[in-house]
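Student: I'm new to this structure and don't want to take in everything at once. Please pick a single part and walk me through it slowly, and then show me how it fits with the rest.

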Amino acid sequence: MSTLDVARAELALGVLYLNKAEARDKICRTIQYGAKFLSDGQPGTAQNVEKSTSLARKVFRLFKFINDLHVLINPNAPGTPLPLILLGKSKNALLSTYLFLDQFVWLGRSGIYKNNERTELIFRISFYCWMGSSICTTLVEIGELGRLSSSMKKLEKELKNTDKYKNEQYRSKLQKSNERSLSLIKAGMDIVVAVGLLQLAPKKVTPRVTGAFGFVSSLISCYQLLPSPPKDKAS
């Protein structure tokens, strides 16, 4: 491929990435928590950026709760243990509730709904739901990593006298393991963010700590949404 072809392909991937509402939301989330880290909860330009970006993100999430409702009623993959099924369904139910309630928070924060006290109550309930969904995600990822680890060890025994990294099935399981490990780290960070936003441990999880964890969690989300580069065609 020529340099121009490479540039075109990279720009096409960039356009594909930015066309996703989810990707734009996560970019805004990165800005939001980066600003929170800089402001450390103190009034100023950084805090204004954090608040305005947080409000803007809510528009991207209007009616997004339908996505998790759809996943909630869909059947699970055959062979999934019942505890993991229940945790997965709980995660979807809690996340869908959070996104549904978040719409009312947006109405309150934008001035359409005038009851500030009730808006704050809905905000807290919604974030408890989000924290609950992050806890469920953490437990699901731990369980799935355990299942993957067992199947990989079994496969390693079968491939004892060969190079396991040349085996397509092993490489696929290893990739899934890496992806789930990253999701586990992200979910753990999101729990800390929720604790910080709900001020459940204000002395330990300060606005700066919340901002740092939220910023790294957002970068992971942005990375997870990156489209796969096209494979080079054989000449």
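Tutor: Let's start with Ile31, which is partly exposed with a relative accessible area of 44%. Partly exposed is the right label because the class runs between the 20% limit for buried and the 50% limit for exposed. Keep in mind as we go that this is a predicted model.

Where does Ile31 sit? Its place is in helix α2, which covers residues 21-39. Ile31 also belongs to a nonpolar surface patch, together with Leu18, Ile27 and Val49. That patch comes to about 290 Å². A residue needs over 30% relative accessible area to join a patch, and Ile31, at 44%, passes that mark.

Now stay with helix α2 and look at its charged residues. Glu22 and Lys26 meet through their side chains in a salt bridge, with 3.7 Å from N to O. That counts because the cut-off for such a pair is 4 Å. Why are these two well placed along the helix? They are four residues apart in α2, so about one helical turn separates them. Their surroundings are worth a look too: Glu22 is partly exposed at 26% relative accessibility, while Lys26 is buried at 13%.

This pair isn't on its own, either. Glu22 and Lys26 are part of a network of salt bridges that also links Asp25, Arg57, Lys58, Arg61, Lys64 and Asp102.

Go on to Arg29 and you'll find another salt bridge, this time with Asp190, where the closest N and O atoms are 3.2 Å apart. Arg29 lies in α2 and Asp190 in helix α7, so the pair ties together parts that are 161 residues apart in sequence. Are these partners buried or exposed? Asp190 is buried, with a relative accessible area of 4%, and Arg29 counts as buried at 4% as well.

That bridge takes us over to α7, so let's use it as a stepping stone to a pocket. The second largest pocket holds about 380 Å³ of space. Helices α7 (168-197) and α8 (207-224) are the elements that give two or more residues to its lining. Of these, α7 gives the most, with five residues. The whole lining has 11 residues, and the ones nearest the pocket's centre are Gln175, Glu179, Tyr223, Gln224 and Leu226. By class, the lining is made of five nonpolar, five polar and one charged residues.

One more pair is worth a glance, for contrast with the buried Arg29 and Asp190. Glu156 forms a salt bridge with Lys164, with 3.4 Å between the closest N and O atoms. Here Glu156 is partly exposed at 29%, and Lys164 is partly exposed at 25%.

Finally, step back to the whole chain. It has eight helices and zero strands, so reading along the sequence you simply get α-α-α-α-α-α-α-α under the rules used for helices and strands. The C-alpha atoms fill a box of roughly 65 × 50 × 35 Å along the principal axes. Of the 235 residues, 36% are buried, and the count of salt bridges comes to 15. Back in helix α2, then, you can place Ile31 on the nonpolar patch, Glu22 and Lys26 in the salt-bridge network, and Arg29 in its bridge to Asp190.

Conventions: Residues are numbered from 1 along each chain as its sequence is written. This is a predicted model: local features need pLDDT of at least 70, side-chain atom pairs count only at pLDDT 80 or more; totals for chains, interfaces and linings use all residues. Side-chain values use heavy atoms; hydrogens and water are left out. Patches are made of residues with over 30% relative accessible area and no salt bridge: like charges are joined within 9 Å, nonpolar side chains (Val, Leu, Ile, Met, Phe, Trp, Tyr) within 5 Å. Accessible areas come from the Shrake-Rupley method with a 1.4 Å probe; for residues, only the protein chains shown count as cover. Buried means under 20% relative accessible area, exposed over 50%, partly exposed in between (1.4 Å probe, protein chains only). On a 1 Å grid over the protein atoms alone, a cavity is a set of points where a 1.4 Å probe fits but cannot get out, and a pocket is an open set with protein on both sides within 12 Å along at least five of seven lines; lining residues have an atom within 4 Å of a point. Grid points are joined across faces, edges and corners, and a volume is the space filled by probe spheres set on the points. Ala, Val, Leu, Ile, Met, Phe, Trp, Tyr, Cys and Pro count as nonpolar, Asp, Glu, Lys and Arg as charged, and the others, Gly among them, as polar.
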